[in-house]
Amino acid sequence: MTLSAFARKYIPALQRLRDSVVSATGASAQALSELEAIHRKLEHIESEITTLKQKDNSVHLDTPEDLDKETSGLIRAALQTAAVQHLPLLPYEIDVTDGVITVQTWAAAPLGLTENMRFFVNGKPFDQVEYPIRDEELSAKFADIRGCSFVAKLLTSLPDPEAKWIRLDAAPTGIYNECAWRKAIHILNPMHERYPFPPEANKLRVIGDAHETRFKMGGATIFKNMERYLQEALALSWSDFPSILDWGCGSARVSRYLIAESGQAVTGADIDPDNVAWCKANIAGGRFETIPLMPRTQFKDGQFDLAIGVSVFTHLKEDVQFAWLEEMRRVIKPGGYALFSITGPTQFAYNRFPAHLYEKVQHDGFMDLSADPALNSVLDDKEYYRSVMHSRDYICDRWTEYFDVIAIEDGIAALQDFVVLRRRH
Ligand SMILES: C[S@@+](CC[C@H](N)C(=O)[O-])C[C@H]1O[C@@H](n2cnc3c(N)ncnc32)[C@H](O)[C@@H]1O
């Protein structure tokens, strides 16, 4: 309890006690002078509190409004921590040419500690580093988060120019930690890319911008994070999933790596016929199918060992969501797994959604914010595709009706969290 809260609670009671002792007992001169001394002390405390209140409103903390302010402050702090913890590095340009990699990246240092920051490619420090470079746009966007206003420009030769995967790390302590994979960014070495990248409009519909670096690193990082998570948390590898469904595959941002790298049978399914057509024409080795807006799909009961759905449940109305959870349960084998992403603290922080929205989502559990026009050019129903958010409690309570909820993993589905589900036997 704060000093002001203590005083406000007990001072009136003590004053009443003093008055009643004096009037009821006709107290002795010594007792009276002791009570007077207490009274003077109380008056002194009260006047100090008044001065403090005038200086700083935050001393006065226990009215409902102040508690709200304090809670929002805590939530904001948690969101800020999420931004720095899960996104120390977010490149906006990556180029690999003749064995040399150049990167331009957001680089966030926790608590503003930029001095020890070092950058690594596949565990090797970059040779040329310009950091911290203050970025005005970031300064404006993240004015309240120390250490988030900087970018870095990096250049080095690749440790192994033929290596398939390129992993980028920012280490605020200066020490590379291979185990900190959740914070790392991946791309496939361009010399190993098997497929073309989609046209602008097809990228735009799935990630909200047409930027190729963002498309590449998002897909590769999600693929590598899933691989590592399955291995580390569940002791499973791709070979445990002979049949994989990428539900809501879009323009194969993730499927392209699942198909090329997992060695398993991968089916991509989407309600967007134009993206499915592009995938069919360009991503050999996978099977791509258009599916209806509402179940039931053409897939057989228990056809898949694993289903992934990156940013699909973030777009469905609540009753539509339940219909698709039911359908996913039908098409996944008993004992099979699902990884479906939702908006969590990392995306909240990065997108600078206000703390009160986060609180409201926690309170309501499910929030349908609005229609999302991204698919207007390919869907007749302009109200189907939404922007929705879930709280973790909601997922644990409501999705449990369909699957065992094994975990919700922060920030490993690009900016989103993965809900890890297992179909009951
Ligand atoms: C934000 S995009 C993400 C695409 C892809 N998963 C990725 O990560 O690049 C969401 C995708 O889900 C698709 N989608 C929306 N509702 C769907 C549904 N009920 N079944 C299958 N796909 C759906 C959209 O057409 C869109 O391609």
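Q: What is the phi of A235, just after α6?
A: A235 takes a positive phi of about 55 degrees. Helices here are DSSP runs of H or I with at least four residues, strands are runs of E with at least two, and both are numbered from the N terminus. A word on the background: this is a predicted model, in which local features need pLDDT of at least 70 and side-chain atom pairs count only at pLDDT 80 or more, while totals for chains, interfaces and linings use all residues. Residues are numbered from 1 along each chain as its sequence is written.

Q: How do you know what span to expect for helix α6?
A: The expected span is 1.5 Å times one less than the number of residues. Helix α6, residues 212-234, has 23 residues, which gives an expected 33 Å. From first C-alpha to last, α6 reaches 32 Å, close to that value.

Q: Why is C179 called exposed?
A: A residue is exposed if 12 or fewer other C-beta atoms lie within 10 Å of its own, buried if 20 or more do, and partly exposed in between, with C-beta atoms placed from the backbone. C179 has 7 such neighbours, so C179 is exposed. You will find C179 in the loop between β7 (165-171) and β8 (185-188). C179 and R228 are 49 residues apart in sequence and 10.0 Å apart in space, C-alpha to C-alpha.

Q: What makes I406 partly exposed?
A: I406 has 15 C-beta neighbours inside 10 Å, and therefore counts as partly exposed. I406 has its place in strand β16.

Q: Which residues does I406 touch, leaving out those up to four places away in sequence?
A: They are V420, L421 and R422. Contact is judged by C-beta atoms, placed from the backbone, lying within 7 Å. For R422, 16 residues along the chain from I406, the C-alpha separation is 7.0 Å.

Q: Why are β1 and β5 edge strands of their sheet?
A: The open sheet of four strands runs β1-β2-β6-β5, with antiparallel pairing. β1 (89-97) and β5 (128-134) each have a single partner strand, so one side of each is left without a neighbour in the sheet.

Q: How do you know that β1 and β2 pair?
A: Pairing requires that DSSP finds at least two bridges between two strands. β1 and strand β2 (residues 100-107) have eight, in the antiparallel sense, so they pair. Within this pair, V96 stands opposite I101 in β2.

Q: What is the strand order of the seven-stranded open sheet?
A: The order is β11-β10-β9-β12-β13-β17-β16, with mixed pairing. Its edge strands are β11 (287-290) and β16 (404-413), each pairing on one side only. One parallel pair is β12 (residues 304-309) with β13 (residues 332-342), joined over five bridges. There, A307 stands opposite A338 in β13.

Q: Which residues are closest to the ligand?
A: G248, G250, R253, V310 and S311 are the closest among the 19 residues that surround the ligand. A residue is near a molecule or strand if its C-beta atom, placed from the backbone, lies within 6 Å of it.

Q: How many of the 425 residues count as buried, as a percentage?
A: The share is 36%. The protein has 12 helices and 17 strands.

How values were computed
Two residues are in contact if their C-beta atoms, placed from the backbone, lie within 7 Å.
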